[in-house]
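Me: Please take a close look at one helix in this model and follow its surroundings outward. Plain description is enough.

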Amino acid sequence: MEKTLLYASVILLMGVASCKKFLEQPPDNRAVLNSPEKVAQLLGTAYPQANYMAFSESISDNVADKGIGTLDRTNIDPYNFKDVANNEEDSPEFYWNACYKAIAAANQALEVCVNAKDAQNYSAQKGEALLCRAYAHFMLVTFFSKVYDPATAGADPGIPYVLKPEKVVFEQYERKTVQYVYEMIEKDLTEGLPLIDDKFYSVPRYHFNKAAAHAFATRFYLFKRQYNKVLEHAAKVFPNNNVIAMLRPWNTEYRILTYNELWARYAKATEAANLLIAETRSLWGRNYIGIRYGLDAQKSNEILLAANVTGGTRVFRYQLYTIGTNNYFLPKVNEYFVRESVNAEIGYPYVMVPLLTAEEVLFNRAEANVLLNNINDVIKDMNDYASTRIYNYNAATHTITANRLRSFYRTNDLQQAALTAVMEFKRAEFVQEGMRWFDLLRYKVPVVHPTAEGETLMLKADDPMRVFQIPDVAKRAGIAQNPR
C-alpha cells in the first residue's frame, strides 16, 4: 500500500483504491458536485475514518502489562512511551492521514457551497463542512501538538490548518502555533454551528447534527479553559435538562443484555447517548481484549470496581467480562468485516466509534462547574449520572452530597473532592475508548507504566513523548517534526 505523500492532496485520491499511484487517478471530478444533495454525499467522507482508541488508550494510565497477549505496535510502543513504528490501522500516522482526508473533503464541499450561484441553498452543507473541518483539526492539534495552555499557546507549534482544496501535488505548509489553530477552530465552529439543520439528515447521528455540534463545542471550550462557554453549549445539548433520558441505561436495560447484545447496541445510531458516530478502519475491536498492554485484574479493580462516593456498587461490575488469562473488557468495541467483494475471502475490519456522547457533555459540564466553583450544579449532574450507573440505585442511600464528598475523599477542599469524583466516574465511563488520555493531557498528569520485566517507565508532565510524532511523510510538505 502506498503511503500518503501529502496529507491534504488526498482530495484527488478520494473514492479510488489507495493502492493505485497518484498519476493513475482520474482527473478532479469536482464539477459533478452541482447540487446540495451531492455535496451532502461528499460530506459523508468528511469525518476521520480512522480510530485513535488503540494508541491513546495504550499511552494512558488505564492499562497494565499483562506479560502475555497479542503484540501490536499501536499498543506496544505507546505503552513504552515510544514513537509508533506502524503506519497502518490504529496508528497515529493512519489517524493523521485520515484527518487530513476528512479536511480535504470538507474543503472541497466548502468551495462548492461558497461558489454556488444559489449559495443560500447550500447553507446547511456549509455548516456541516465547517464543523467537520474544525473537528478534524482539533483532534490533530490535540494529539500532535502540546496541549493548549494560554501562557504558551502563542509559541507552541501547532499543525497545518488547511483552508482550501489542493490544486498542486507538493504544496508547502507551516505549522504556525497552537494559538492560531485554536483561533481557526473557533472561527469555523462559531460560523458553522448556526447553519446546521438536522432536517437534511436521514440519520442525524452520522453527521454534525445540532446536538453533536454543541457537544463538540463543550469539548473545545473545556480545552480552551472557557468554562462559561462549556455551560452555554451543554445547555443546548440538554435543552430541557433531560439528562437522564439521554444517558446509557447501564443499570436497567444494559444490565440484562448479553455481551453480544451489548456489543451490537453500544455504538448504534439509535442509542440516545450517541450524538455523533463514525465508521473507522480499525483492528481495535478484535485487539482490545487480548492485547498485552490492557485492562487486567488490578486495573479493573482500580477503575471499575473500587468503592465510590455514592456508597453503592457500580454496575460495571456486572458488565465486566474476562476471556483467557487476565483479559478484562466491557462489550463496547464491536468489529464488522467488509469483504472486498461478495465472494472475496479478504477485506477490511471496521469499528463504529461514538465520537461525541451525552455522557461526555455531562462530564464536560460538571468539570466546568467544578472549576467555576458551582458545586451544587456538579452534585446535581453527578447524582443524575449515578442514578443510571449504580446497581439497585436508591436515592435515599446513594445520593452524593457535599459532606459525602468531603468524607469519602478525606479533605475539606470541596472543590478538589468534586473534581476527583468527576474524573473517577469519567475514567470508568470511557475505559477502553481512549478518552482518558484527553484528561491526562489537560491536567498534565504524569503516567507510570510498570513492565513485567520489573522496569518502571515514567511519562512526566513535560515529557516530549506526550506529543505524538508528526509522520515522516509530512516532512515532504515542509512540516517540522516534534522534538524528541
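**Helix H17 and its surroundings**

Reply: In this predicted model, the buried residues of H17 pack against six helices, namely H10 (259-266), H12 (297-305), H13 (358-371), H14 (375-386), H16 (402-409) and H18 (436-442).

H17 itself runs over residues 414-429 and has 16 residues. From its first C-alpha to its last it reaches 23 Å, close to the expected 22 Å. Aspartate 413 caps the N-terminal end of the helix, with a side-chain oxygen 3.3 Å from the backbone nitrogen of glutamine 415. The helix is mostly covered, since twelve of its 16 residues are buried. Among them are the nonpolar Leu414, Leu419, Val422, Met423 and Phe425, but Lys426, Arg427 and Glu429 are buried too.

Glu429 leads to one of the packing partners, H13. Glutamate 359 is found in H13, and its contacts beyond four places in sequence include Glu429 and Phe430. The others in that list are Leu247, Arg248, Ala273, Tyr385 and Arg389. Glutamate 359 counts as buried because its relative accessibility is 1%, against a cut-off of 20%. The side chains of glutamate 359 and arginine 389 are joined by a polar contact of 3.0 Å. Arg248, another contact of glutamate 359, lies over the face of tyrosine 266, at 3.8 Å from the ring centre. Residue 266 falls within the range of H10, one of the helices that the buried residues of H17 pack against.

H14, also a packing partner of H17, holds aspartate 381. With a relative accessible area of 3%, aspartate 381 is buried. Leaving out residues up to four places away in sequence, aspartate 381 touches Leu362, Arg365 and Ala366. Those three numbers lie in the range 358-371 given for H13, which is packed against by the buried residues of H17 as well.

On H18, the residue to look at is tryptophan 437. Tryptophan 437 counts as buried because its relative accessibility is 0%. Beyond four places in sequence, tryptophan 437 is in contact with Ser56, Ile59, Ser60, Phe143, Val447, Leu459, Arg466 and Phe468. Tryptophan 437 and threonine 258 are 179 residues apart in sequence, and their C-alpha atoms are 29 Å apart in space.

Phe143, in turn, is in contact with Tyr52, Phe55, Ser56, Tyr95, Trp437, Phe438, Val467 and Phe468, again leaving aside neighbours within four places. Ser56 and Phe468 therefore appear in the contact lists of both phenylalanine 143 and tryptophan 437, where contact means heavy atoms within 4.5 Å. The largest nonpolar core has 144 residues, and Phe143 is among the members that touch the most others, along with Tyr52, Phe208, Phe216, Leu304 and Leu405. Of these, Leu304 and Leu405 carry numbers within the ranges of H12 and H16, two further packing partners of H17. In soluble globular proteins, nonpolar side chains tend to be buried together.

Ring contacts occur elsewhere as well. The structure holds 39 aromatic pairs. One of them, tyrosine 148 with tyrosine 182, is stacked at 4.5 Å centre to centre, with 25 degrees between the planes. This pair links distant parts of the chain, as tyrosine 148 is in the loop between H5 (123-144) and H6 (178-192), while tyrosine 182 is in H6, 34 residues apart. Both tyrosines are buried.

Note on methods: Residues are numbered from 1 along each chain as its sequence is written. This is a predicted model: local features need pLDDT of at least 70, side-chain atom pairs count only at pLDDT 80 or more; totals for chains, interfaces and linings use all residues. Side-chain values use heavy atoms; hydrogens and water are left out. Helices (H or I, at least four residues) and strands (E, at least two) are DSSP runs, numbered from the N terminus. The expected span of a helix is 1.5 Å times one less than its number of residues. Buried means under 20% relative accessible area, exposed over 50%, partly exposed in between (1.4 Å probe, protein chains only). A polar contact is a pair of N or O atoms within 3.5 Å; within protein, one must be able to donate a hydrogen and the other to accept it, and residues adjacent in sequence count only if both atoms are side-chain atoms. A nonpolar core is a set of buried Ala, Val, Leu, Ile, Met, Phe, Trp, Tyr and Cys residues joined through side-chain atoms within 4.5 Å. Rings of Phe, Tyr and Trp (its six-membered ring) pair if their centres lie within 6.5 Å; planes under 30 degrees apart count as stacked, over 60 as edge-to-face and the rest as tilted. A charge sits over a ring if NZ of Lys or CZ of Arg is within 6 Å of the ring centre and within 35 degrees of the ring normal.
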